[in-house]
Every structure is written in structure tokens, then in C-alpha cells.
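Work through the exercises below with the sequence and the coordinates open beside you. Each one sets a task and then gives a solution in steps.

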Protein chains: 2
Amino acid sequence: MSHTREDVIAAAGRMFAAKGYHGTSMRDLGRELGLLGSSLYSHVGGKQELLVEVVARGAKLFQAAADRALATEGTAADRLRALIAGHVDVVLDHRDEVRTFLNEARSLDAEARAAVVEARDRYEEAFRTVLREGIEDGSFRPEVDPVVDGIFVLSILNAIERWYDVSGPVDRSELVARLHRFVLGGLAGGG
Amino acid sequence: MSHTREDVIAAAGRMFAAKGYHGTSMRDLGRELGLLGSSLYSHVGGKQELLVEVVARGAKLFQAAADRALATEGTAADRLRALIAGHVDVVLDHRDEVRTFLNEARSLDAEARAAVVEARDRYEEAFRTVLREGIEDGSFRPEVDPVVDGIFVLSILNAIERWYDVSGPVDRSELVARLHRFVLGGLAGGG
DNA sequence: GGGAGACAAACGAACGTTCGTTTGTTATCA
DNA sequence: TGATAACAAACGAACGTTCGTTTGTCTCCC
């Protein structure tokens with residue numbers, strides 16, 4: 001029973017998400033797969049490369065979800081609802097990559113970290129765009145700031161990974177419904 | 001010119017906030033103070049003790065702010081506004097301790113980490129209490145869930161440290177005003 | 001069909017480095 | 001003079017990584 005490069009990357013995602021990049025040694029990672037740390041170098045160039053691979057997968061998942069949501073027909077509010085639902089799906093279905101993407105990017109070397117910053121900005125731009133549309137068509141308050149209020153929305157979404165318990169009392173659809181009410185209320189309400 | 005224990009803890013707060021606990025060595029920390037790493041042991045028991053001290057200061061600051069805000073006269077909405085403004089003050093005035101408290105607690109050993117979890121829960125309970133009061137007196141929607149929506153509010157607040165730029169275009173009072181509108185809209189609005 | 005050669009996967013030991021920490025000594029100042 | 005602060009050197013452990021070697025599997029040719 002042999003291991004593939006993808007096995008190693010998946011295990012790295014699990015370990016980095018649970019213990020952090022610096023908290024995970026190559027020997028830990030090997031043990032997770034029933035191997036020695038040194039054996040991982042048959043599949044992978046090094047530890048940093050593993051982090052790059054996991055983070056890249058996280059970035060790609062978010063971007064794909066945003067592209068899908070932006071193609072939604074209907075009002076700006078509809079597209080924002082789609083962005084939120086898509087974000088929740090990514091977080092809950094790919095938790096390890098998401099955690100690593102959100103929390104371990106600072107352990108990347110300069111070049112790879114710059115790519116993450118750019119990917120994150122492109123993703124956030126999707127939210128800013130929808131907010132601008134919603135302000136224009138009157139769905140949202142005119143004093144809404146696409147940048148600042150966009151950050152508020154993303155702050156809530158990016159935190160889900162830290163507290164949400166899949167086997168807890170709140171199921172996925174209730175989570176999305178509560179997010180929709182809170183966020184759209186925050187943007188439209190009389191505050 | 002001699003250094004005090006408090007100097008070392010303050011420098012540790014700065015370094016842990018900037019580079020993380022694992023990303024900061026005792027030699028780095030000594031250099032920050034013009035000392036050797038080994039010289040720090042004249043003032044402090046060890047690296048882990050430094051983290052405990054910094055995190056404890058962060059926890060204390062948040063709790064004191066919550067106690068003050070809860071003593072505010074007026075409606076539940078007034079007290080929530082006070083909680084938010086108090087949180088912003090703590091974050092902006094004690095950024096290093098806050099960053100360390102929020103991001104580096106996972107590097108604490110089990111005992112100290114348990115204390116952090118408890119402190120955080122006590123702080124969040126202040127928000128849940130105000131939310132319950134606001135639901136009861138009709139300020140907030142009856143479907144508001146004190147736990148889940150409380151997490152939403154705290155997600156926004158805890159993220160401020162990550163993006164807010166003191167010398168940027170948004171000053172403190174505008175930040176607080178935008179937080180108030182967004183959060184109270186999210187809890188009261190028609191969604 | 002069966003041995004020879006090629007290949008990838010994994011091992012186990014060792015490398016150089018960095019880490020947190022300890023120890024013993026020196027200098028400073030009340 | 002005696003405590004305090006800082007230094008300098010060293011410790012053992014852990015780290016990421018490299019190396020030479022072994023093991024198992026697949027392919028090709030006789």
C-alpha cells in the first residue's frame with residue numbers, strides 16, 4: 001500500500017489546520033501516514049512546498065465559489081446571499097484547507113504570501129462589487145461603505161471555521177439563514 | 001541603564017504580536033531590548049511564562065471594558081453600543097496584548113489555555129446577556145439567537161485588529177459608528 | 001513463462017542549525 | 001561588600017533536510 005503526493009498534501013492540510021505550520025514537524029506528518037519524516041521527500045520537495053500546495057487549494061476553492069455566486073441572476077441582495085451560502089459550503093466541506101489558508105498564510109515565504117494576499121483581495125472584491133450594486137439600486141443604506149462593511153461581512157464569514165461544530169445544534173441551512181438575516185439586516189436596516 | 005521584568009513582557013507582547021510565539025526566539029527578544037537571549041532569564045522564568053503574562057494582560061483588559069460597559073444606564077441597545085465602543089478602545093489602545101491574546105493562545109500549555117477559554121467565555125457572556133435583554137424588550141428581532149448572533153458580533157470585533165490601520169482613512173469614531181449601525185441593524189432590521 | 005533491469009517508495013542514520021535553557025563569571029551600583 | 005544584571009559559553013533536544021541503501025513492483029526480452 002503506497003502513498004501518493006496528494007495523500008501527503010491532504011495529511012499536511014489536516015495537520016497544519018490542527019497544530020499550525022510551526023507546530024507540525026515532518027516527522028509528525030510522516031507518522032500521520034505511517035511513514036518516517038524522511039520518506040515524505042519521495043513525494044514532495046519540502047515542508048514549505050506542502051504549505052504552498054494546501055493554501056493554493058484553499059484559495060482556488062474560495063475563488064471558484066465567488067465566481068459561481070456572482071453569476072447568480074437577480075438583485076444584488078440575491079448575489080450577496082449566494083456569496084454567503086457559497087462561502088459556508090467551502091468552509092464546511094473543506095475545513096482543513098480553509099483553516100490553513102486563513103491562519104497559516106503568515107508562515108509562507110514572501111513570494112507565496114504575496115500571492116495569497118492577492119487572491120484574498122480578489123475574493124473580497126466580489127463582496128465589494130455586490131455591495132456597490134446594492135447601494136446603487138437602493139437595497140442597502142446609502143451610507144454603507146463597500147470597503148468597511150465588506151470587511152464586516154467577511155469577518156463574520158472567516159470566523160465560522162473557528163467556532164462552528166458540524167455535529168452541534170445549528171445545521172448548515174440554519175447557519176446560512178441566520179447569516180443572511182444578520183448581514184442583510186446590517187446593510188439595509190435603519191440601524 | 002537596566003531593564004525591568006515589565007520591559008521584557010512589553011517587548012514580548014510586541015514580538016509575539018508581530019511574529020507569533022513560535023516565530024519569536026528568546027534571542028530575537030533579547031536583541032529587541034539590546035540584550036542576549038540568556039540575559040532575559042534574569043527577569044523571567046522562561047518563554048512560556050512570557051506568553052502567559054502577555055495573554056493575561058489582554059484578558060484583563062477585555063474583562064474590565066465589559067464590566068464598565070455593562071454598568072451603562074439605558075436600554076439593552078445602549079449597553080451593546082457601549083460594549084462595542086469599549087472593545088474598540090481596548091483593541092486600538094493595547095494592540096499587542098490583544099493580538100497575542102486572540103492569535104497566540106493556542107501556543108499556551110493546557111492549563112493556561114483553559115484559563116483563556118474561560119476568560120473568553122465570560123467576556124462573550126456579556127454580549128449574550130445584552131442580546132437576551134434586547135430580545136425581551138423588543139429592541140431586537142425575536143428570532144435573534146443570543147449564542148449565534150453573539151458570535152457574529154464578536155467575529156466582527158475580534159477581526160478589527162487584523163485590518164484596521166490607525167493612520168488610515170477611517171478614524172476611531174467613524175469605525176465605532178459604522179460598527180453600531182451594522183450590528184444594531186443586523187439585530188433589529190427586517191433582514 | 002521467467003529472469004534482468006529500471007524505477008519509485010520507504011527506510012535509517014546522519015548533517016548542520018536553531019531552539020529554550022542552564023551554568024559560571026564579570027561588572028555595576030547601592 | 002553584596003546583591004543584581006548582564007554576559008559568554010555550553011547543553012541537550014528538536015528541527016528540516018540529505019544521503020546511501022533496501023524493498024517491492026512493473027516491464028521487457030529471451
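## Exercise 1: The contact between the two protein chains

Between chain B and chain A there are four residue pairs in polar contact, counting pairs in which both residues have pLDDT 80 or more; the model is a predicted one.

Task: Describe which parts of chain B make up the side that touches chain A, and what kinds of residues are found there.

Solution. Begin with the helices: helix 5 (95–103), helix 7 (146–163) and helix 8 (172–188) of chain B each supply at least two residues of the side that touches chain A. The largest share, 10 residues, comes from helix 7 of chain B. Next, sort the residues on this side of chain B by class, which gives 15 nonpolar, seven polar and nine charged.

Then turn to the extent of the contact, to which chain B and chain A contribute 31 residues each. The two chains bury about 2800 Å² between them, and 65% of this area lies on carbon and sulfur atoms. Of the area that chain B buries against chain A, 26% is supplied by Phe152(B), Arg178(B) and Phe182(B), more than by any other three residues.

Finally, consider the charged pairs. Side chains of opposite charge can pair when their charged atoms come close. Between chain B and chain A the count is four salt bridges. Arg178(B) forms a salt bridge with Asp149(A), in which the closest N and O atoms are 3.8 Å apart, inside the 4 Å limit used for a salt bridge.

## Exercise 2: How the copies are related

Task: Work out what kind of axis relates the two copies, and whether they meet through the same surface or different ones.

Solution. Two copies of a chain are related by a rotation about an axis and a shift along it. Here, chain B can be laid on chain A by a turn of 180 degrees and a shift of 0.0 Å along the axis, with an RMSD of 0.0 Å. The two copies are therefore related as by a two-fold rotation axis. As for the surface, 100% of the interface residues of chain B are also interface residues in chain A, so the copies meet through the same surface.

## Exercise 3: The two DNA strands

Task: For DNA strand D, and then for DNA strand C, identify the closest residues and the atoms that take part in polar contacts.

Solution. Start with DNA strand D, which is surrounded by 19 residues, the closest being Met26(A), Tyr41(A), Lys47(A), Ser39(B) and His43(B). Sugar and phosphate make up 60% of the atoms of DNA strand D that come within 4 Å of the protein. By class, the residues of the surface near DNA strand D are five nonpolar, 11 polar and three charged.

Two contacts with the phosphates of DNA strand D can then be read off: a polar side-chain atom of Ser39(B) is 2.7 Å from a phosphate oxygen, and a polar backbone atom of Thr24(A) is 3.3 Å from a phosphate oxygen. A base is also approached, since a polar side-chain atom of Arg27(A) lies 3.0 Å from a base nitrogen of DNA strand D.

Now repeat the steps for DNA strand C, around which there are 18 residues, with Leu36(A), Ser39(A), His43(A), Tyr41(B) and Lys47(B) coming nearest. Sugar and phosphate account for 57% of the atoms of DNA strand C that come within 4 Å of the protein. The surface near DNA strand C has four nonpolar, 11 polar and three charged residues.

On the backbone of DNA strand C, a phosphate oxygen lies 2.7 Å from a backbone N or O atom of Leu36(A). Among the bases of DNA strand C, a base nitrogen lies 3.0 Å from a polar side-chain atom of Arg27(B), and a base nitrogen is 3.3 Å from a side-chain N or O atom of Arg27(A).

## Exercise 4: A salt bridge within chain A

Task: Explain why Asp28(A) and Arg31(A) are separated by about one helical turn.

Solution. First place the pair in the fold: chain A has eight helices and zero strands. Asp28(A) and Arg31(A) are three residues apart in helix 2 (residues 26–33) of chain A, which means that about one helical turn separates them. Asp28(A) forms a salt bridge with Arg31(A), with the closest N and O atoms 3.3 Å apart. Over all chains, the count comes to 40 salt bridges.

Methods: Residues are numbered from 1 along each chain as its sequence is written. Chains are lettered from A and ligands numbered from 1 in the order in which they are written. This is a predicted model: local features need pLDDT of at least 70, side-chain atom pairs count only at pLDDT 80 or more; totals for chains, interfaces and linings use all residues. Side-chain values use heavy atoms; hydrogens and water are left out. A residue is near a molecule or strand if one of its heavy atoms lies within 4 Å of it. A polar contact is a pair of N or O atoms within 3.5 Å; within protein, one must be able to donate a hydrogen and the other to accept it, and residues adjacent in sequence count only if both atoms are side-chain atoms. Ala, Val, Leu, Ile, Met, Phe, Trp, Tyr, Cys and Pro count as nonpolar, Asp, Glu, Lys and Arg as charged, and the others, Gly among them, as polar. Contact means heavy atoms within 4.5 Å. Buried area is the accessible area (1.4 Å probe) that two parts lose on being put together, summed over both. A salt bridge is a side-chain nitrogen of Lys or Arg within 4 Å of a carboxyl oxygen of Asp or Glu. Helices (H or I, at least four residues) and strands (E, at least two) are DSSP runs, numbered from the N terminus. Copies are superposed by least squares on the C-alpha atoms of residues with pLDDT of at least 70 in both.
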